[in-house]
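Please walk through the structure shown here, beginning with its pockets and then turning to one of its helices.

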Amino acid sequence: MNTEEYLYFVHRAFAGMLDALGEIGDDQANQAPPLSGANPPWAIAFHCTEVAEYWIGHLIAGRPSDRNRTAEFTASGSIDDLRRRIAALEDRLNGDLAGFDPDAPLRNTPPSDYEGPARPLSPIGVLLHVLEELAQHHGQIELSRDALTAPAAGRR
């Protein structure tokens with residue numbers, strides 16, 4: 001498997017998230033859109049960094065993890081901080097996937113009640129799951145941006 005190509009698509013997803021956040025700025029990025037149960041787009045992007053960190057860094061590369069998934073959705077910060085976090089994450093992912101062996105066993109396995117695919121995953125399955133999450137949340141962030149910047153209902 002060409003991990004360089006895979007990481008290209010990971011980068012595109014994160015770049016798209018950062019672009020959408022940049023369009024609305026720090027204040028709106030940390031506000032939930034006016035949709036039932038919605039999370040702030042900054043928190044969604046932060047969640048995505050934790051997804052990649054956990055599923056690739058912990059399960060494939062074997063790095064330790066103290067992930068608190070629930071706290072990811074209440075996290076807040078600046079877009080610049082998030083940009084730095086993503087750049088550092090992408091550097092780690094490059095190292096995590098150097099010498100990637102799709103047939104190697106995962107170094108760690110998620111607890112059975114952990115949110116993710118409801119089946120055991122191979123290293124390839126883990127990578128696909130991360131890309132699935134990033135693509136899904138990239139779109140969610142774009143929709144959140146649109147909802148946060150839409151004129152109030154009834155105004156034209």
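In this predicted model, the lining of the largest pocket is made up of nine nonpolar, three polar and two charged residues. The volume of this pocket is about 190 Å³. It is lined by 14 residues, and those closest to its centre are Trp55, Pro110, Pro117, Arg119 and Pro120.

The second largest pocket has a volume of about 150 Å³. Its lining takes in Ile60 and Ala61, then Asp96, Leu97, Ala98, Gly99, Phe100 and Asp101, and further along the chain Ala104, Pro105, Arg107 and Pro123. By class, eight of these residues are nonpolar, one is polar and three are charged.

Asp96, one of the residues lining the second largest pocket, also belongs to helix α4, which covers residues 79-96. How does the length of α4 compare with what its 18 residues should span? At 1.5 Å a residue the expected span is 26 Å, and the end C-alpha atoms lie 25 Å apart, which agrees.

Which residues of α4 are buried? They are Ile79, Leu82, Ile86, Leu89, Glu90, Leu93 and Asp96. Viewed down the helix axis, the buried residues fall within an arc of 115 degrees, so they line one face of α4. The cover over these buried residues includes α1 (3-29) and α2 (41-60). On the other side of α4, Arg84 and Asp91 are exposed. Asp96 thus appears in both parts of this account: it is among the buried residues of α4, and it is among the residues that line the second largest pocket.

Technical notes. Residues are numbered from 1 along each chain as its sequence is written. This is a predicted model: local features need pLDDT of at least 70, side-chain atom pairs count only at pLDDT 80 or more; totals for chains, interfaces and linings use all residues. Side-chain values use heavy atoms; hydrogens and water are left out. On a 1 Å grid over the protein atoms alone, a cavity is a set of points where a 1.4 Å probe fits but cannot get out, and a pocket is an open set with protein on both sides within 12 Å along at least five of seven lines; lining residues have an atom within 4 Å of a point. Grid points are joined across faces, edges and corners, and a volume is the space filled by probe spheres set on the points. Ala, Val, Leu, Ile, Met, Phe, Trp, Tyr, Cys and Pro count as nonpolar, Asp, Glu, Lys and Arg as charged, and the others, Gly among them, as polar. Helices (H or I, at least four residues) and strands (E, at least two) are DSSP runs, numbered from the N terminus. The expected span of a helix is 1.5 Å times one less than its number of residues. Buried means under 20% relative accessible area, exposed over 50%, partly exposed in between (1.4 Å probe, protein chains only). The arc is that of the directions from the helix axis to the C-beta atoms. Contact means heavy atoms within 4.5 Å.
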